[in-house]
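Hi there,

Here is the structure I promised to pass on to you. Please open it alongside this email and read the two together.

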Amino acid sequence: MAGIGAVEGAMSDAMFEDMERQGELSDSILFRMTSIFKRSTLEASLALVDKGYVQKIVSDSGRSLFLVESSQDDPYVCFKHFCPCHYFSYNVINKMEALTCKHILAARIANALKRADIVNVTNEEFSKWLMKQEPMKQYVSPNKSR
Ligand SMILES: [Zn+2]
């Protein structure tokens with residue numbers, strides 16, 4: 001059975017494709033977004049994008065993940081349908097009260113608008129990160145004030 005996540009996925013995939021094609025956040029896309037996502041999540045994600053808090057890590061083989069800076073020490077490692085933040089586990093997965101968190105939304109917006117800092121790494125580095133054998137901290141963009 002298609003759950004709420006699948007519906008959101010189908011709607012938002014098309015929307016992010018439009019966003020990427022247009023290269024900007026037009027009023028009509030913003031309007032569509034407000035009908036899919038919670039306003040608070042949307043506003044928080046746009047703030048993350050504006051602050052340059054999204055990085056896209058791309059391996060030699062073309063696989064990618066996103067690092068989104070957080071109030072924690074380490075940035076969150078985000079994928080299209082997963083974020084390790086508390087909000088995602090609790091509100092998205094457990095309670096199903098939200099469709100996504102601000103980190104994933106920020107990653108997808110930044111990606112579509114090409115506003116994510118691209119960091120190219122080797123396949124070996126990429127795999128070590130995924131297995132958490134190396135800290136991600138060193139890759140946090142230097143413009144973040146701590
Ligand atoms: Zn999150």
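Below is what I found, going from the overall fold to the sheet, the core and one loop residue.

Please keep in mind that this is a predicted model.

**The overall fold**

The protein has six helices and four strands. Along the sequence they come in the order α-α-α-β-β-β-α-α-β-α. Of the 146 residues, 25% are buried. Looking at contacts between residues at least 6 apart in sequence, you will find that 62% of them join residues at least 24 apart.

**The sheet**

The four strands make an open sheet in the order 3-2-1-4, and the pairing is mixed. Strand 3 and strand 4 are the edge strands, each pairing on one side only. From one strand to the next, the twist averages 30 degrees.

Here is how the pairs look in turn. Strand 1 (residues 54-59) and strand 2 (residues 64-68) run antiparallel and are joined by five bridges. One place to see this is Gln55, whose bridge partner in strand 2 is Leu67. These two strands form a hairpin with four residues between them, and in the turn Gly62 has a positive phi of about 95 degrees.

Strand 2 also runs antiparallel to strand 3, with three bridges joining the two. Leu67 appears again here, standing opposite Val77 in strand 3.

On its other pairing, strand 1 meets strand 4 (residues 117-121) in the parallel sense, over five bridges. Lys56 stands opposite Ile118 in strand 4.

**The core and helix 5**

The largest nonpolar core holds 25 residues, and Val54, Val68, Ala106 and Ala107 touch the most other members. Helix 3 (39-50), strand 1, strand 2, strand 3 (76-78), helix 4 (86-94) and helix 5 each supply at least two residues of this core. Helix 5 gives the most, with seven residues.

Val68 is a good residue to click on. Apart from its neighbours within four places in sequence, Val68 is in contact with Leu48, Tyr53, Val54, Pro75, Tyr76, Cys78, His103, Ala106 and Ala107.

Helix 5 deserves a view of its own. All of it is buried, 11 of the 11 residues in the stretch 102-112, so the helix is largely enclosed by the rest of the structure. The buried set includes charged-name positions you might wish to look up, among them Lys102 and Arg108, as well as His103 and Asn111. Just after helix 5, Lys114 takes a positive phi of about 55 degrees.

**A loop residue: Lys38**

Lastly, have a look at Lys38, which lies in the loop between helix 2 (27-36) and helix 3. Why does Lys38 count as partly exposed? Lys38 has 17 C-beta neighbours inside 10 Å, and a residue is called buried only from 20 such neighbours upward and exposed at 12 or fewer, so Lys38 falls in between. Lys38 also brings us back to helix 5: Lys38 and Lys102 are 64 residues apart in sequence, while their C-alpha atoms are 9.6 Å apart in space. Lys102 itself is among the buried residues of helix 5.

Happy browsing, and write back whenever you like.

Best wishes

Methods:
Residues are numbered from 1 along each chain as its sequence is written. This is a predicted model: local features need pLDDT of at least 70, side-chain atom pairs count only at pLDDT 80 or more; totals for chains, interfaces and linings use all residues. Two residues are in contact if their C-beta atoms, placed from the backbone, lie within 7 Å. Two strands pair if DSSP finds at least two bridges between them. A nonpolar core is a set of buried Ala, Val, Leu, Ile, Met, Phe, Trp, Tyr and Cys residues joined through C-beta atoms within 7 Å. Axes are lines fitted to C-alpha atoms, for helices over the stretch in contact, and angles run from 0 to 180 degrees between N-to-C directions.
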